[in-house]
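The following note was prepared for a colleague who wishes to examine the structure alongside a written commentary. It is arranged as numbered points.

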Amino acid sequence: NMVIVTTSPGDCLTGYYTYPSMLFNPRVNTLHQRTIFDNKGFIDVYHPASDTPKKYKTVFFLSGYRQKTDSYEKYLRFVASHGYTVVNVSYDLEPADPNDWKMDENYFALYGMLKTAHATYSHLIDTRYIGLMGHSLGGGASIWLGKKLFGEDNWGNQGRFIFSTAPWYTFNTTEDDLKNFPDNTKLLIQVGDNERDPFGSGKR
């Protein structure tokens, strides 16, 4: 259930400058809500506009390093307009020591944000159907978060996917972890032809 797609440099999702705006014309109007997380980041939620909000199949989006929500907003609204709740998390992952990124802490911070998003917006998030999308640092983190949310929390038991685009490395994830993903997990990895895959096995 894994597909790796190689594209030309610059074709991977980078929010505001890769794709023409015309590709992101929404199907329906969307609403946007924001929650501040731990005074260090934001949880942004997009969903179809409706007089009676309901739970929608949900996509969690993990942005790239130092990328803010504005960089991806047209894309996030576009996905939401197709009948999804889209949750974007932006978090300050700047290491205190540039030689020690403390990825354990960073990954658990992202995991905490997703769980907080669910607790705050449970009326909009249907955990039976979950997608994880990530770009760059978020693309690498999406694999580990899938291990937590899909394997341990059983989110997405009726439908789950990971779309990792231009991913940085995936940390704290073993080959056995990958083999133990639920059988219904779909994984799509998009890399440029001059980039490495997130498992560090060389350039594609």
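The points below proceed from the overall fold to the cores, the strands, the aromatic residues and selected polar residues.

1. Overall organisation. The model under discussion is predicted. The protein contains four helices and eight strands, and their order along the sequence is β-β-β-β-α-β-α-β-α-β-α-β. Of its 204 residues, 48% are buried. Among contacts between residues at least 6 apart in sequence, 76% connect residues at least 24 apart.

2. The largest nonpolar core. This core has 33 residues, and the members that touch the most other members are I43, F60, V87, V89, L132 and L145. Two or more residues are supplied by each of strand 3 (41–48), strand 4 (56–62), strand 5 (84–91), helix 2 (103–120), strand 6 (125–135), helix 3 (137–152) and strand 8 (185–192). Helix 2 provides the largest share, eight residues. The surroundings of V89 give a local view: apart from neighbours within four places in sequence, V89 is in contact with F42, I43, F61, L62, S63, L110, M113 and L114.

3. A second core. Separate from the core just described is another of 11 residues, and V59, F61, Y72 and F163 are among its members. One of these, F61, also appears among the contacts of V89.

4. Strand 3 and its partners. Strand 3 is largely enclosed by the rest of the structure, because seven of its eight residues are buried. Strand 2 (residues 30–37) runs antiparallel to strand 3 and is joined to it by eight bridges; within this pairing, R34 has D44 of strand 3 as its bridge partner. Strand 3 is also antiparallel to strand 5, with six bridges between them. Here V45 is matched with V87 of strand 5, and V87 is one of the residues listed above for touching the most other members of the largest core.

5. Aromatic residues. The structure holds 10 aromatic pairs. In one of them, F108 and Y111, the ring centres are 6.5 Å apart and the planes meet at 85°, so the arrangement is edge-to-face. About one helical turn separates F108 from Y111, because they are three residues apart in helix 2. Their environments may be stated separately: F108 is partly exposed, with a relative accessible area of 45%, whereas Y111 is buried, at 14%. Both belong to an aromatic cluster that is completed by Y107, W144, W168, Y169 and F171.

6. Charges over rings. Which ring lies beneath the charged end of K148? The ring is that of Y111, with the charged end 5.0 Å from its centre. Y111 therefore takes part in the edge-to-face pair with F108 and also has the charged end of K148 over its ring. Elsewhere, K57 lies over the face of Y129, 4.8 Å from the ring centre.

7. S164 and S142. S164 is located in strand 7 (residues 159–165) and S142 in helix 3. S164 counts as buried, because its relative accessibility is 0%; S142 likewise counts as buried, at 0%. The side chain of S164 reaches the backbone oxygen of G139 at 2.8 Å. Neighbours within four places in sequence aside, S164 contacts G134, G139, G140, S142, L188, I189 and Q190. With residues up to four places away likewise left out, S142 touches L62, L132, G134, I162 and S164. G134 thus appears in the contact lists of both serines, and L132 is also named among the residues that touch the most other members of the largest core.

8. N184. Is N184 buried or partly exposed? Its relative accessible area is 26%, so N184 is partly exposed. N184 lies in the loop between helix 4 (175–179) and strand 8. Not counting residues up to four places away in sequence, N184 touches G156, N157, Q158, G159 and R160. Its side chain reaches the backbone oxygen of G156 at 3.3 Å and makes a polar contact with the side chain of R160 at 2.4 Å. N184 and F161 are 23 residues apart in sequence, while their C-alpha atoms are 8.2 Å apart in space.

Methods: Residues numbered from 1 in each chain as written. Predicted model: local features only at pLDDT ≥ 70, side-chain atom pairs only at ≥ 80, totals over all residues. Heavy atoms only, no water. Buried < 20%, exposed > 50% of the residue type's maximum accessible area, 1.4 Å probe, protein only. Polar contact = N/O pair within 3.5 Å; in protein donor to acceptor, adjacent residues only side chain to side chain. Contact = heavy atoms within 4.5 Å. Core = buried A, V, L, I, M, F, W, Y, C linked by side-chain atoms within 4.5 Å. Pairing = 2+ DSSP bridges. Phe/Tyr/Trp six-rings, centres within 6.5 Å; stacked < 30°, edge-to-face > 60°. Lys NZ or Arg CZ within 6 Å of the ring centre and 35° of its normal.
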